[in-house]
Amino acid sequence: MPDVVAPAEIGQRLLLRTSLSVASIVLMFVVPSAPAQEVSPAIQSRIARVEQGLSSRVIVKGATGQKASIATRMAFHAVPAVSIALINDGHVEWTRSYGVLDTTGQRAATPASLFQAGSISKPVSALGALRLVEQGKLSLDAPANGQLSSWKIPENAFTRQSPVTLRGLLNHSAGINVHGFYGYAQGQRVPSLLQVLDGVAPANSEAVRVEATPGTGWKYSGGGYSVVQLMMTESGGKPFPELMQALVLGPLDMDDSTFAMTLPPAWQARAATGHDSNGTPLAGGWHVYPQSAAAALWSTPADLAKVVVDIQQAQSGKSGKVLSSAMTSTMLSRGLGEYGLGLYVEKLGTGSSFSHSGGTDGFRSQLYGYTHTGQGVVVMTNSDNGAALIDEILISVAAEYGWPEFQIIEKAALAADPAANATYAGTYTLVGKPAQIIAEGDRLYLQSELFSKRPMQLFAESKTRFFMTAQDMTVEFQQAGSGRPSSFSLKRGNNTYVAMRAH
């Protein structure tokens with residue numbers, strides 16, 4: 001049974017769960033770096049409001065002090081560095097970086113600092129694949145096996161019903177397994193792409209195989225993008241890093257981006273060190289990903305902002321530097337799921353948003369853009385805790401720049417009932433993992449490592465139903481008579497999970 005947090009410790013744990021040394025370093029060094037170019041006083045004022053306007057998605061109606069500074073929230077989440085590129089009116093309006101690239105050496109982050117982009121590699125790789133389609137070197141809809149030579153997707157009952165295609169691979173609807181990849185620590189043997197595809201040692205992931213009829217369902221698959229990587233290198237006749245330099249990075253002048261597995265020494269000096277959720281730097285700084293198309297991109301927010309701007313320009317009717325307007329429209333057209341070809345796509349009035357998040361061990365990032373307003377943002381961090389901070393930054397950006405999404409939700413909270421809270425407290429099992437409901441006086445908390453290492457406060461909407469501000473989730477206890485509840489339901493988005501009290 002996991003250790004149960006003593007109620008009296010909760011107030012301290014909320015602030016000090018992560019090491020004090022990390023928080024202290026962040027507070028000492030969270031000052032914006034010198035901008036790449038001077039901005040007007042009006043834009044500087046907007047930057048200041050973004051820096052001071054961070055908020056959770058859900059807030060308690062009537063409560064005070066619910067906006068916080070980026071420095072405060074970096075310290076709270078124990079995120080050593082964050083770098084931002086803000087896009088407005090179809091161009092990069094400003095870039096800022098905060099904090100340190102590593103908590104040991106305390107190198108200051110700058111807009112030129114490099115971060116692992118994780119799965120943001122996928123939309124960038126998709127741009128390259130679609131350019132090969134426009135060059136006539138690949139086909140979106142012909143069977144993928146007909147475009148592969150050194151390795152073939154193993155045929156089975158699913159592929160006999162419908163073949164795997166490049167379109168399906170880019171859309172995550174090809175029925176391919178392997179959600180994501182673990183990467184390889186510095187000094188570990190790194191497999192070849194073919195070893196990854198067949199799950200052969202030293203690969204640490206299972207073989208990439210078809211597990212559902214292609215075209216019948218959507219399931220995120222990093223494995224599918226490894227098949228895309230092989231298709232691209234064989235049709236393009238170059239190693240993947242060189243091919244992507246020619247297809248995408250070069251045309252977009254992304255001089256601070258690379259798919260190379262080994263960074264040159266000069267680049268390593270600018271590279272952020274990844275940090276785990278406890279604030280500990282990764283041994284060797286970062287992990288290596290031979291699954292280049294899925295996860296290996298190193299970049300800066302300013303460089304990735306060029307991807308956003310080029311897509312926006314191409315979608316507006318002008319051909320971009322990488323794709324034609326017609327192919328860009330294809331990329332941004334939803335297939336199965338909420339996904340186009342390499343990007344999540346959401347229809348919004350006369351236009352749409354397009355986005356992708358990224359996460360490797362020690363890094364979290366987000367790319368976001370709008371086709372019809374010329375707005376967007378790229379945020380990169382060097383921490384496993386970065387996603388929560390990124391969400392708060394997006395909320396602040398959206399408020400300042402009038403975005404149609406990331407609006408703050410106000411919820412009214414009822415007066416706390418300490419006696420009822422005491423009956424809810426205990427250990428539960430949620431999705432096979434322990435979850436704690438902790439009562440501390442008139443406060444109630446949920447602690448589950450499925451969502452956060454920190455306890456998250458629950459606010460009462462009714463006697464049995466509670467909401468959170470840390471994340472947009474609700475908890476409802478199943479009360480039978482006057483005894484202790486035997487379970488609770490946790491609702492997150494469209495999904496509901498039942499947690500049973502442990503005995």
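**Entry 1: nonpolar cores**

I began with the nonpolar cores of this predicted model. The largest of them holds 82 residues. I noted the residues that make the most contacts inside this core: V124, L169, L170, V227, M232, V248 and L304. Looking up which element contributes the most, I found helix 5, which supplies 7 residues.

I then recorded a second core, lying apart from the largest one and made up of 28 residues. V79, Y98, V377 and I395 are among its members.

**Entry 2: surroundings of M232**

I chose M232 for a closer look, as one of the residues with the most contacts inside the largest core. Leaving out residues up to four places away in sequence, I listed its contacts as S125, G128, A129, L132, L138, G237, F240, L243, M244 and L247.

**Entry 3: salt bridges, count and first pair**

I turned next to charged side chains. Side chains of opposite charge can pair when their charged atoms come close. With a cut-off of 4 Å between nitrogen and carboxyl oxygen, I obtained 14 salt bridges.

The first pair I examined was D102 with R107, whose side chains form a salt bridge at 2.7 Å, N to O. Which of these two is buried, and which partly exposed? D102 has a relative accessible area of 9% and is therefore buried, the limit being under 20%. R107, at 27%, is partly exposed.

**Entry 4: D141 and R167**

I looked up D141 and R167, whose side chains meet in a salt bridge with an N to O distance of 2.6 Å. This pair links distant parts of the chain, 26 residues apart. I located D141 in the loop between helix 5 (121-134) and helix 6 (157-161), and R167 in helix 7 (residues 166-171). D141 is partly exposed, with a relative accessible area of 46%. R167 is also partly exposed, at 33% relative accessibility.

**Entry 5: R334 and E346**

I recorded a further salt bridge between the side chains of R334 and E346, at 3.0 Å from N to O. R334 sits in the loop between helix 14 (325-331) and strand 6 (344-348), while E346 belongs to strand 6, so the salt bridge ties together parts that are 12 residues apart in sequence. For accessibility I noted 40% for R334, which is partly exposed. E346 is partly exposed at 33%.

**Entry 6: a shared network**

Finally, I checked for salt bridges with partners in common. I found that R46, R49 and E400 are joined into one network by salt bridges that share partners.

Conventions
Residues are numbered from 1 along each chain as its sequence is written. This is a predicted model: local features need pLDDT of at least 70, side-chain atom pairs count only at pLDDT 80 or more; totals for chains, interfaces and linings use all residues. Side-chain values use heavy atoms; hydrogens and water are left out. Buried means under 20% relative accessible area, exposed over 50%, partly exposed in between (1.4 Å probe, protein chains only). Helices (H or I, at least four residues) and strands (E, at least two) are DSSP runs, numbered from the N terminus. A nonpolar core is a set of buried Ala, Val, Leu, Ile, Met, Phe, Trp, Tyr and Cys residues joined through side-chain atoms within 4.5 Å. Contact means heavy atoms within 4.5 Å.
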